[in-house]
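Trainee: I would like to learn how the words used for a structure are justified, step by step. Could we go through one together?

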Amino acid sequence: MTFYEQELERIKGIVYSNQGQVDTVIAIRNYIENNYDTELNLQVLSHFRFVSKYHLLRLFKKYYGQTPKQYLVDKRIEKAKEHLRNGMKVTETCFAVGFKSLGSFSTLFKTKTGKSPTEYQKEQLSRSK
Amino acid sequence: MRVTIMSIPVRDQEKAFQFYTKKLGFLKKVDMPLEGGNRWLTLVSPEAQDGPELLLEPAPIHFEPCKVFQDALMQAGIPWTGFEVDDVQGEYDRLTELGVEFSVKPTAMGTVKIAVLNDTCGNNIQLMEIL
């Protein structure tokens, strides 16, 4: 067994010893992956796994290094980029990935990617020509 | 400032190019001749062709301490770097079929599943799937 394999075993025993918690956060992440386009918040997620909102927040951050909200935003932006590359209109994209306001979608998109949705789409579509 | 280049030290650029494109599936982005037969050789993921580029860098051939460090990591089984995949088990099956050797078979580590392969150019490379 290599040094790295020994370390994996050691770390697994310390960090991932609580399988119940691991199962909970994996289920929550999968729920976000499959429902990112709906109205998701801590309330909905905590009802889904029957855990308190704050416990869920702590667990998710502990195992994924991000809050569920941060994870959800990244997921929505990733899907929005995919839709824009495929030629979907900006407004349609905004609602298709679960945002409720075009303004907050555009601002967030620019913060995360450095470009507005329109700029991003133009650039991507011109590249594929 | 932007993250655009991630460097991987390789013993043989052409061999590495063949492995990373033919086996792992990366695409050539830039291939520019430099002095002494060296190349500025970068690859991208087919799913993110405008994303970060992998630089296959011949550092261990030209700078002994790099070779010593690379050998030490290889011997300890420590990955030089890692790539995210959708399905570690599926990649493991596909790559073993192509003759790629793994020092760590698909293993769940809490919220990730990992496997570690030998890139035949001096490095262990970790594949990671987020669960």
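**Reasoning from values to words**

Mentor: Let us begin with helix 1 of chain B, whose buried residues are covered by elements that include strand 3 and strand 4 (53-57) of chain B. Please keep in mind throughout that this is a predicted model.

Trainee: Which residues of helix 1 of chain B are the buried ones, and what makes a residue count as buried?

Mentor: A residue is called buried if 20 or more other C-beta atoms lie within 10 Å of its own, and in helix 1 (residues 13-23) of chain B the buried residues are Ala16(B), Phe19(B) and Tyr20(B). Seen down the axis of helix 1 of chain B, these buried residues fall within an arc of 85 degrees, so they line one face of the helix. The face turned away from that buried side carries Glu14(B) and Lys22(B), which are exposed.

Trainee: Why would residues a few places apart share a face?

Mentor: An α-helix has 3.6 residues a turn, so residues three or four places apart point the same way. Just after helix 1 of chain B comes Gly25(B), which takes a positive phi of about 95 degrees.

Trainee: Why is Asn18(A) called partly exposed?

Mentor: Asn18(A) has 13 C-beta neighbours inside 10 Å, and since a residue is exposed at 12 or fewer and buried at 20 or more, the count for Asn18(A) makes it partly exposed. As for its place, Asn18(A) lies in the loop between helix 1 (3-15) and helix 2 (19-35) of chain A.

Trainee: What makes helix 5 and helix 7 of chain A roughly perpendicular?

Mentor: The axes of helix 5 (residues 68-85) and helix 7 (residues 102-113) of chain A cross at roughly 90 degrees and come within 11 Å. Angles of 65 to 115 degrees count as roughly perpendicular, and helix 5 and helix 7 of chain A are therefore described in that way. In their contact, Val73(A), Ile77(A) and Ala80(A) of helix 5 meet Leu108(A), Phe109(A), Lys112(A) and Thr113(A) of helix 7, and by class these residues are 5 nonpolar, 1 polar and 1 charged.

Trainee: How do you know what to call the arrangement of helix 3 and helix 4 of chain A?

Mentor: The reasoning starts from the axes of helix 3 (residues 42-49) and helix 4 (residues 53-64) of chain A, which come within 9 Å and cross at roughly 90 degrees. Helix 3 and helix 4 of chain A are therefore roughly perpendicular to each other. Among the residues that meet there are Leu42(A) and Leu45(A) from helix 3 and Leu56(A) and Leu57(A) from helix 4, and the contact has 4 nonpolar, 2 polar and 2 charged residues.

Trainee: In the sheet of chain B, why are some strands said to stand at the edges?

Mentor: The open sheet has 4 strands in the order 1-4-3-2, with mixed pairing. Strand 1 (5-9) and strand 2 (27-33) of chain B each have a single partner strand, so one side of each is left without a neighbour in the sheet.

Trainee: How do you know that strand 2 and strand 3 of chain B pair?

Mentor: Pairing needs at least two bridges, and strand 2 and strand 3 (residues 39-44) of chain B have 6, in the antiparallel sense. In one of them, Met32(B) has Trp40(B) in strand 3 as its bridge partner.

Methods. Residues are numbered from 1 along each chain as its sequence is written. Chains are lettered from A and ligands numbered from 1 in the order in which they are written. This is a predicted model: local features need pLDDT of at least 70, side-chain atom pairs count only at pLDDT 80 or more; totals for chains, interfaces and linings use all residues. Helices (H or I, at least four residues) and strands (E, at least two) are DSSP runs, numbered from the N terminus. Axes are lines fitted to C-alpha atoms, for helices over the stretch in contact, and angles run from 0 to 180 degrees between N-to-C directions. Angles under 35 degrees count as roughly parallel, over 145 as roughly antiparallel, 65 to 115 as roughly perpendicular and the rest as oblique. Two residues are in contact if their C-beta atoms, placed from the backbone, lie within 7 Å. Ala, Val, Leu, Ile, Met, Phe, Trp, Tyr, Cys and Pro count as nonpolar, Asp, Glu, Lys and Arg as charged, and the others, Gly among them, as polar. The arc is that of the directions from the helix axis to the C-beta atoms.
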